[in-house]
Amino acid sequence: MGETQLDDDEVHAPDGGDQRGQGDVERTHGPSIRRRETRTTLLERRGRGVALTEEAIHLAATAQQLLAIVEQAETTLEQRRGQPTGRLSVAAFASAARGLLPGVLAELDREHPALDARLTEVDPHLSVDLVAKGVVDLAVAHDWDISPLPAPEGLARAVLGDDRCDLLVPEGHPLAGREAVRREELAKERWVCQPPGTVCHDWLVRTLRAAGYEPDIRHRAEENHTQLALVAAGLGVAMIPRLGRGPLPPGVVAVRLDPVPVRRLYALWRTEAARRPAIIAAVSALRDAAEALRTAED
């Protein structure tokens, strides 16, 4: 097949994958290479799709080296100042952005006034790629036991803690008075969950399939509060983690699942920036906030 030249071809470093959802994220570092700037074809047709040319692969590798140099320079300058300074872009999934980050950002603002920390809400399956490409400096992401978080080369991560998940049922539901429920008992329930393609939707489907049945998903909503409203109206049951969930509305009862589903929370950053004071301060604040939430829950 012949080559195709697209005016807006763009190659980011390092090579990532699905970039959907990145349009709303402010690009703070990540170098990009455009065909019009290099006068080189970066994409070629292969079958029904496209692939990077050898020139594009070489340029992406070079751009990654440039990103590492910039990162080292920023770290050195910040270390010489002796305190966290400059811009720190943070990406977090919705419930962490609501239940964890407000207090962390407030602490950073109070303790380190020279640091300009900024938050963007991003789906967890996108945030890892955003950190790897240098679009954001730090991400808060999560994974489930049956869906481990990818760990690309060049990234470091720290475990922040675990987030437990409950079965939520309408008041008056036959399971509402139970102390605990096993997943195998839920085969005939109607479900409320997030839309397909989200981490929580995929986890729910895989978990219930592993229990021996296909879930009957009647309603799909991204926001936890919408899911809770649907459960309160008696339209189904849901599994929703506790982080950022807030108090349950009238008409909704939480029932413990046996075993309890748990998702693990992580902070991720580029290894080149590991010595940057802003990263160290932010990860420390995230760990403290996660521990405080865990203590309050217990």
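Which residue just after α6 takes a positive phi of about 110 degrees? Just after α6, that residue is Gly-212.

This is a predicted model, in which local features need pLDDT of at least 70 and side-chain atom pairs count only at pLDDT 80 or more, while totals for chains, interfaces and linings use all residues. Residues are numbered from 1 along each chain as its sequence is written, and side-chain values use heavy atoms, with hydrogens and water left out.

Helix α6 (helices being DSSP runs of H or I with at least four residues, and strands runs of E with at least two, numbered from the N terminus) covers residues 199-210. Among the residues of α6 that are buried (under 20% relative accessible area, with a 1.4 Å probe and protein chains only) are Cys-200, His-201 and Trp-203.

In helix α7, the buried residues are Asn-224, Gln-227, Leu-228, Leu-230 and Val-231. Seen down the axis of α7, they fall within an arc of 160 degrees (taken from the directions from the helix axis to the C-beta atoms), so they line one face of the helix. Just after α7, Gly-234 takes a positive phi of about 80 degrees.

The table gives the lining of two pockets by class (Ala, Val, Leu, Ile, Met, Phe, Trp, Tyr, Cys and Pro count as nonpolar, Asp, Glu, Lys and Arg as charged, and the others, Gly among them, as polar).

| Pocket | Nonpolar | Polar | Charged |
|---|---|---|---|
| Largest pocket | 19 residues | 9 residues | 8 residues |
| Second largest pocket | 5 residues | 2 residues | 7 residues |

Helix α6 gives the most to the lining of the largest pocket, with 4 residues.

Definitions and conventions: Buried means under 20% relative accessible area, exposed over 50%, partly exposed in between (1.4 Å probe, protein chains only). The expected span of a helix is 1.5 Å times one less than its number of residues.
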